[in-house]
Amino acid sequence: MSRYVILSLLLTLCAFQAHAADPILPDPKLTPGSVLTTDKTIICQPGYSKSVRHTSGRLKHEVYQEYGINKKGGHYEIDHLIPLSIGGADVRENLWPESRDTQPWNASAKDRLENYLHNGVCAGRIQVEEAQKAIASDWIGAYQTYLGVP
């Protein structure tokens, strides 16, 4: 084999390993979750999430560092484990780097769950505390419970 083929194979393997190491679930020691409110009347007000979202670039950088992730090595977003839309707090204990690349569990899947929970809470089908606990303990399990398998 030529050096170029070997180099290409090594680069592909390294990319796969980096992708395989993406956190699908947050580390509970680094991101246990944090709640700002359980008041449905506040959470369900239009514009509420935007009014409490103030995550600084510096804090996002710290989260990447704590998780040992080079944000340039993949596609990530700093996400709130307990979404602001169901009363999560915009603090370090509620933030983690979530992959957009992992399949099927990624930022898009969690966003679908967050929207479902927010709508369920505001419609009175789901209790705020139930939604917060479900997503904080295991967001994939919560997805499967509420939405099935993607």
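At what angle do α6 and α7 pack, and how many Å apart are their axes? In this predicted model, the angle between α6 and α7 is about 125°, and their axes lie 5 Å apart. Angles that are neither under 35 degrees, nor over 145, nor from 65 to 115 count as oblique, and α6 and α7 are therefore oblique to each other. The residues that meet are E130, A134, I135 and S137 on the side of α6, and W139, A142 and Y146 on the side of α7.

The overall composition of the chain is as follows. Seven helices and two strands are present, and from the N terminus the elements follow the order α-α-α-α-β-β-α-α-α. The chain has 150 residues, of which 40% count as buried. About 8800 Å² of the chain is exposed, with 55% of this area supplied by carbon and sulfur atoms. When contacts between residues at least 6 apart in sequence are considered, 70% of them join residues at least 24 apart.

Helix α6 spans residues 128–137. Its buried residues are V128, A131, Q132, A134 and I135. These residues lie on the same side of α6, because the arc they cover around the axis is only 165°. An α-helix has 3.6 residues a turn, so residues three or four places apart point the same way. The packing partners of the buried residues of α6 are α2 (40–43), α5 and α7. On the face of α6 turned away from the buried side are the exposed residues K133 and S137.

Helix α7 comprises residues 139–147, and the buried residues in α7 are W139, I140, A142, Y143 and Y146. Here the arc around the axis is only 155°, so these residues too are placed on the same side of their helix, α7. The buried residues of α7 pack against β2, α5 and α6. G148 follows just after α7 and has a positive phi of about 85°. Most residues other than glycine have a negative phi, and most peptide bonds are trans.

Both strands contain a buried residue that can be described in detail. In strand β1, which covers residues 76–80, I78 was examined. With a relative accessibility of 14%, I78 falls under the 20% cut-off and therefore counts as buried. Residues up to four places away in sequence aside, I78 touches K60, V63, Y64, L95, W96 and P97. For one of these pairs, I78 and V63, the C-alpha to C-alpha distance is 7.7 Å at a separation of 15 residues in sequence.

In strand β2, the residue considered is S99. S99 is buried, with a relative accessible area of 1%. A polar atom of the S99 side chain lies 3.2 Å from the backbone nitrogen of T102. The loop between β2 (95–99) and α5 (107–123) contains P104. The peptide bond that joins Q103 and P104 is cis, with omega about -5°.

A side chain also reaches a backbone nitrogen at S49, a residue of helix α3 (residues 48–52). The side chain of S49 reaches the backbone nitrogen of S85 at 3.3 Å. With neighbours within four places in sequence left aside, the contacts of S49 are with L84 and S85. S49 counts as buried because its relative accessibility of 18% is under the 20% cut-off.

Residue V35 is located in the loop between α1 (3–20) and α2. V35 has a relative accessible area of 39%, which lies between the cut-offs of 20% and 50%, so V35 is partly exposed. Apart from residues up to four places away in sequence, V35 touches I82, G87, G88, A89 and Q132. Of these, Q132 is also listed among the buried residues of α6. The C-alpha atoms of V35 and I86 are 8.8 Å apart, although 51 residues separate V35 and I86 along the chain.

How values were computed: Residues are numbered from 1 along each chain as its sequence is written. This is a predicted model: local features need pLDDT of at least 70, side-chain atom pairs count only at pLDDT 80 or more; totals for chains, interfaces and linings use all residues. Side-chain values use heavy atoms; hydrogens and water are left out. Helices (H or I, at least four residues) and strands (E, at least two) are DSSP runs, numbered from the N terminus. Buried means under 20% relative accessible area, exposed over 50%, partly exposed in between (1.4 Å probe, protein chains only). A polar contact is a pair of N or O atoms within 3.5 Å; within protein, one must be able to donate a hydrogen and the other to accept it, and residues adjacent in sequence count only if both atoms are side-chain atoms. Contact means heavy atoms within 4.5 Å. The arc is that of the directions from the helix axis to the C-beta atoms. Accessible areas come from the Shrake-Rupley method with a 1.4 Å probe; for residues, only the protein chains shown count as cover. Axes are lines fitted to C-alpha atoms, for helices over the stretch in contact, and angles run from 0 to 180 degrees between N-to-C directions.
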